[in-house]
Amino acid sequence: MTLFRLDASILPAASASAEIADVVEAKWVAAHPGEEVVRRHLGTDPLSPHTWASAVVAGFIPESERTPAQREALADAEDLVEELASADVVVLAVPFYNFGVSQHFKTWVDLVIAAAGPTTPVLKGKPTVLVTVRGGGYGPGTPREGWDHSTPYLRRILADVWEADLTVIERELTLAATTPGMESLRDLAAELRTRALEEADKVGTGIATI
């Protein structure tokens, strides 16, 4: 049994998404002692966007005509696909940045698609937990309702394109505790953190049986 864990926070020491994902992972590890956990941290070890361009071009030309850089890029992309294919359970911790998808995570997605193809369901039926967090509030009735251009994309790729058996754990107001002007939201933020951790415990218990 193998769990694949991917993180995308650029602040790993203070990552709210990692805190939640840690709970999910811990439940699985406790139920599968000694089993493998494969990790990839895109925040601290990002993939080069140039690799994606080279991998895409390599896919359109014969292998004999590829440059060394193109061969290496496509091989790297194929390794990413293999990480997913080899996993029994997938946990992804992906924060929300600047109203959109983390550039590190987007590059990873693009490389997986470059190697696997645009419509290949690389996570078909595979238990997959997405943890995503947002510094502010973007729900119905908030001033920035509709500004979250990340979560719908993540769901589309993971569930609709890659056909994962997807569970999403979300948390908002992660910046309330440290941001001036958000003092009135701190009690709610603490409540949302507690809820997210409780949900992570429940979800982790569920995937631990896999």
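**Close-up views of a predicted model**

**View 1. A negative patch on the surface of the predicted model.** Five residues, namely Glu72, Asp76, Glu78, Asp79 and Glu82, together form a negative patch on the surface of this structure, which is a predicted model. One of these residues, Glu72, is found in helix H3, the helix that runs over residues 68–86. Glu72 counts as exposed because its relative accessibility is 52%, and the cut-off for exposed is over 50%.

**View 2. A tilted aromatic pair within helix H4, formed by Phe105 and Trp108.** When the whole structure is searched, six aromatic pairs are found. Among them is the pair of Phe105 and Trp108, whose ring centres are 5.2 Å apart and whose planes make an angle of 40°, an arrangement described as tilted. Both residues belong to helix H4, which covers residues 103–116, and they are three residues apart, which corresponds to about one turn of the helix. Phe105 and Trp108 are also both buried.

**View 3. An edge-to-face aromatic pair made by Trp108 and Trp162.** Trp108 takes part in an aromatic pair with Trp162 as well, this time edge-to-face, with 5.7 Å from centre to centre and 80° between the planes. Because Trp108 sits in helix H4 while Trp162 sits in the loop between helix H5 (151–161) and strand S7 (165–171), this pair ties together parts of the chain that are 54 residues apart in sequence. Trp108 counts as buried because its relative accessibility is 1%, and Trp162 likewise counts as buried because its relative accessibility is 1%; the cut-off for buried is under 20%.

**View 4. An aromatic cluster of four residues.** In this view, Phe96, Phe99, Tyr138 and Trp147 are shown as the members of one aromatic cluster.

**View 5. Glu163, a residue with positive phi in the loop between H5 and S7.** Glu163 is not a glycine, and yet its phi angle has a positive value, near 60°. This residue is placed in the loop that lies between H5 and S7. Because the relative accessible area of Glu163 is 30%, this residue is classed as partly exposed, a class that lies between the cut-offs of 20% and 50%.

**View 6. Leu173, a residue with positive phi in the loop between S7 and H6.** Although Leu173 is not a glycine, its phi is positive, at about 60°. The place of Leu173 is in the loop between strand S7 and helix H6, the latter spanning 186–207. Leu173 is classed as buried because its relative accessible area is 7%.

Terms used: Residues are numbered from 1 along each chain as its sequence is written. This is a predicted model: local features need pLDDT of at least 70, side-chain atom pairs count only at pLDDT 80 or more; totals for chains, interfaces and linings use all residues. Side-chain values use heavy atoms; hydrogens and water are left out. Patches are made of residues with over 30% relative accessible area and no salt bridge: like charges are joined within 9 Å, nonpolar side chains (Val, Leu, Ile, Met, Phe, Trp, Tyr) within 5 Å. Accessible areas come from the Shrake-Rupley method with a 1.4 Å probe; for residues, only the protein chains shown count as cover. A salt bridge is a side-chain nitrogen of Lys or Arg within 4 Å of a carboxyl oxygen of Asp or Glu. Lys and Arg count as positive and Asp and Glu as negative; His and the chain ends are not counted. The place of a charge is taken as NZ of Lys, CZ of Arg, CG of Asp or CD of Glu. Helices (H or I, at least four residues) and strands (E, at least two) are DSSP runs, numbered from the N terminus. Buried means under 20% relative accessible area, exposed over 50%, partly exposed in between (1.4 Å probe, protein chains only). Rings of Phe, Tyr and Trp (its six-membered ring) pair if their centres lie within 6.5 Å; planes under 30 degrees apart count as stacked, over 60 as edge-to-face and the rest as tilted.
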